[in-house]
Amino acid sequence: MSDYKVIHRKQDLEMKISSLYHQEQLAIGLIDTSGKEDLISSLDWYRNNMNFCLHLITTQERAEEMDLADRYSDVTFILFKTTSTTGEYINAFSDECYTTYFLVLRTDMLLIEYQGQELMRMMGEKNRPCIITPVMLSSQLEVIPSLRAPHLNGKDFDPLSFTPEVSQAVYEENLYPLMGVGLYDRALFQRLRVYDSQITGEFFQMADFGLRCYLLGYSILTTRNMVVQFPQKISIMEDRSPCEGVNRFYTKAMSIRRIAGKNMIEKWKPYVDKSILNDEVKKKQILLQKTDFFTLMDNWKVKD
């Protein structure tokens, strides 16, 4: 049984949902991460400026308190019983939107540039990325270091951070989507088995999916063709402290070494989840993985 319910927008109630969504290419999902004023401001802005089906991911309590469903009949609401993880919010949105692509944003950020035609061109390429992530700006309009590169500090995953280019012609590889924000290929996201809901920390949850993309032969790109700003943040800090499920992350990310074109199992002690190692890594992942973390780290093009 799901931990959320869906209140569909009025348009969905007037026609069969399946026939409607076959005609739509993009859905926008706003994760409620702000105060009430910013939430209302975000809903109003996207309704007035972006002609795509709009979803708000929030809690039942918040929606009822603000009477959101009655005020915004043209918005679909994904309402969780209690606050959940970013990954679970995005998983639910991907299940409910039924569009070819979906764009994940937050109510504490502003979308200040969206070159839709160019982004859709890139997502339509044969070697398309799984996710395109935006350039992020602070409240002072300074570019935030949102690019991540694979790196280890001893046995611990400790990605390096870099500032993306500001040229619209440049697409740069990014290890995972910061805060989950970005434009997703829905079918590919679900084929790669979405975010791991048993990893509770956002940092490890996002990194787990990002590494899965790369280890299975896909990529995540960042571009100036999409820009967001945090009007109330000067910088962004990730909580990289251990969380529930962290051993799941390390077991999936580090347990396979590719030697002479063959995948071999090598436990990444002390971070081992035996059930994941036996049920997923040894039975499924070892057959599908195209590279390993260590090769990915060695070959990553690190910016000067």
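**Figure 1. Aromatic contact between F157 and F293 in the predicted model.** F157 is buried, with a relative accessible area of 5%, in a structure that is a predicted model throughout. Across the whole structure, a search finds 22 aromatic pairs. One of them joins F157 and F293 in an edge-to-face arrangement, with 6.1 Å from centre to centre and 70° between the planes. Because F157 belongs to strand β10 (residues 156–157) and F293 to helix α12 (residues 293–299), the pair ties together parts that are 136 residues apart in sequence. F293, like its partner, is buried, and the relative accessible area of F293 is 0%.

**Figure 2. The F203 and F204 pair and the aromatic cluster.** F203 and F204 also form an edge-to-face aromatic pair, in which the ring centres are 4.7 Å apart and the planes meet at 65°. Both of these phenylalanines, F203 and F204, are buried. The view can be extended to one aromatic cluster that includes F203 and F204 together with F157 and F293, the residues of the preceding view. The other members of this cluster are Y176, F249, Y250, W268, Y271 and F294.

**Figure 3. Salt bridge between K252 and D196, and the network around this pair.** The count of salt bridges comes to 19, and the one shown here is formed by K252 and D196, whose closest N and O atoms are 2.7 Å apart. This pair links distant parts of the chain, with K252 in helix α10 (residues 246–254) and D196 in the loop between α8 (186–191) and α9 (202–215), at a separation of 56 residues. K252 counts as buried because its relative accessibility is 7%, under the cut-off of 20%. D196 likewise counts as buried, at 8% relative accessibility. Through salt bridges that share partners, K252 and D196 are joined with D208, R212 and R248 into one network.

**Figure 4. Two further salt bridges, D108 with R106 and E266 with R257.** D108 and R106 form a salt bridge in which the closest N and O atoms are 2.8 Å apart, and both D108 and R106 are buried. In the second pair, the side chains of E266 and R257 meet in a salt bridge with an N to O distance of 3.3 Å. E266 is partly exposed, with a relative accessible area of 40%, and R257 also counts as partly exposed, at 25% relative accessibility. Side chains of opposite charge can pair when their charged atoms come close.

**Figure 5. A positive surface patch that includes K282.** Five lysines, K155, K267, K269, K274 and K282, form a positive patch on the surface. Of these residues, K282 is found in helix α11, which spans residues 274–288. K282 is partly exposed, with a relative accessible area of 40%, and therefore lies over the 30% cut-off that is required of residues in a patch.

**Figure 6. The cis peptide bond between K269 and P270.** K269, a member of the positive patch, is joined to P270 by a cis peptide bond with an omega of about 5°. P270 lies in the loop between β16 (262–265) and α11. Most residues other than glycine have a negative phi, and most peptide bonds are trans.

**Figure 7. Positive phi angles at D67 and L141.** D67 has a positive phi of about 55° although this residue is not a glycine. D67 is found in the loop between α4 (60–66) and α5 (68–71), and D67 counts as partly exposed, at 38% relative accessibility. L141, which is likewise not a glycine, has a positive phi of about 65° and is found in the loop between β7 (131–137) and β8 (147–149). At 55% relative accessibility, L141 counts as exposed.

**Figure 8. M226 in strand β14 and its separation from E142.** M226 lies in strand β14, which covers residues 220–229. M226 is buried, with a relative accessible area of 0%. The C-alpha atoms of M226 and E142 are separated by 15 Å, and the two residues are 84 residues apart along the chain.

Methods:
Residues are numbered from 1 along each chain as its sequence is written. This is a predicted model: local features need pLDDT of at least 70, side-chain atom pairs count only at pLDDT 80 or more; totals for chains, interfaces and linings use all residues. Side-chain values use heavy atoms; hydrogens and water are left out. Patches are made of residues with over 30% relative accessible area and no salt bridge: like charges are joined within 9 Å, nonpolar side chains (Val, Leu, Ile, Met, Phe, Trp, Tyr) within 5 Å. Accessible areas come from the Shrake-Rupley method with a 1.4 Å probe; for residues, only the protein chains shown count as cover. A salt bridge is a side-chain nitrogen of Lys or Arg within 4 Å of a carboxyl oxygen of Asp or Glu. Lys and Arg count as positive and Asp and Glu as negative; His and the chain ends are not counted. The place of a charge is taken as NZ of Lys, CZ of Arg, CG of Asp or CD of Glu. Helices (H or I, at least four residues) and strands (E, at least two) are DSSP runs, numbered from the N terminus. Buried means under 20% relative accessible area, exposed over 50%, partly exposed in between (1.4 Å probe, protein chains only). Rings of Phe, Tyr and Trp (its six-membered ring) pair if their centres lie within 6.5 Å; planes under 30 degrees apart count as stacked, over 60 as edge-to-face and the rest as tilted.
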